[in-house]
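Work through the two exercises below with the sequence and the coordinates at hand, and attempt each task before reading its solution.

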Amino acid sequence: MYENISVNLSDGIAVLTINRPKQLNALNKRTIEEAHAALREMESDNEVAVVILTGAENKAFVAGADIKEFADFTIAQGGALAKNGQDLLFTLVEHYPKPVIAAVNGFALGGGLELAMSAHIRIASANAKMGLPEVSLGVIPGYGGTQRLAQLVGKGKANELIFTAGMISADEAFRCGLVNAVVEQDALMEAAMRMASKILRNSPMAIRAAIRAVNAGYTSGVNGYEVEIEEFAKCFGTEEFKEGTNAFIEKRKANFRK
Ligand code: CAA
């Protein structure tokens, strides 16, 4: 049984909720381990096609790594915190073979924004506030924030957000490309579900291949164009490719989930 997260599955869509609202859903060790375990289990669960990540209640998505847990850490412990967190959760989410949508329902700060940025797609509620405030604590983002924020919004804007430790509104996050869409808070889960349902109609095999190809372009030492060619070619050997192309020719809807 999980203590700090919950998972609800319906119609192929799993909602993984970070559930420590009294601590604004801050990510302590246990929460990261539980989210890791749940994601690993859902990876091989054929009932799960899309994952939505969100935070419990309406104030925070995730207000960061748990500051109280690491406040007295040594250099070695700090290194281990970042490495374990990245390995267990943030890298896992980025390379997850099923689409992961972050439904950002409030504060997404530090590790919280880093978690949202690891997801493949972000939808924010209008009241959400986002930022990487780590330098105000005398530390820097450690769960991939220095890399993924620059990838999403460009280096100059990322530097501004990191150096000022400031928070931006959901609208500003939309304008700078940090989130895909902004909706009113009470419409957030519906919007995330709608996006998930659109994805569900398509070939899971092709989506896995697309995730690998897109990520390849952000992996040092890997040529994204070459990975795209390989992944494109592999599709031709699959049943889902046959189903998708036959359905087009036969003027019917493809059914990838037989
Ligand atoms: N870690 C631990 N506890 C946290 C937390 C965090 N990141 N964020 C909030 N909380 C706790 C508060 O300590 C408080 O707990 P108590 O009632 O036990 O004191 C509770 O959640 C409610 O928070 P506030 O009273 O502070 O609520 P507020 O409305 O006054 O402020 C806030 C909201 C602006 C989000 C504020 O809580 C805040 O600034 N939080 C910290 C944000 C932050 O700095 N995040 C980065 C963390 S470092 C990091 O993530 C490192 C990394 O990259 C690996």
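Two exercises follow, one on a helix and one on the ligand site. The model is predicted, with local features needing pLDDT of at least 70, side-chain atom pairs counting only at pLDDT 80 or more, and totals for chains, interfaces and linings using all residues. Residues are numbered from 1 along each chain as its sequence is written, and side-chain values use heavy atoms, with hydrogens and water left out.

**Exercise 1.** Compare the expected span of helix 1 with the distance between its end C-alpha atoms.

Solution. Helix 1 is a DSSP run (H or I, at least four residues) that covers residues 29-43. The expected span is 1.5 Å times one less than the number of residues, so the 15 residues should span 21 Å, and the end C-alpha atoms are indeed 21 Å apart.

**Exercise 2.** Describe the polar contacts of the ligand (pairs of N or O atoms within 3.5 Å) and the shell around the ligand (residues with a heavy atom within 4 Å).

Solution. Begin with the ligand's oxygen atoms: a polar side-chain atom of Glu-134 lies 2.7 Å from one, a backbone N or O atom of Gly-142 lies 3.1 Å from one, and a polar backbone atom of Lys-22 is 3.4 Å from one. Next, take the area (Shrake-Rupley, 1.4 Å probe): the ligand alone exposes 990 Å², of which the protein buries 66%. Finally, count the shell, in which 24 residues surround the ligand and helix 2 gives the most, with 3 residues.

Definitions and conventions: Helices (H or I, at least four residues) and strands (E, at least two) are DSSP runs, numbered from the N terminus. A polar contact is a pair of N or O atoms within 3.5 Å; within protein, one must be able to donate a hydrogen and the other to accept it, and residues adjacent in sequence count only if both atoms are side-chain atoms.
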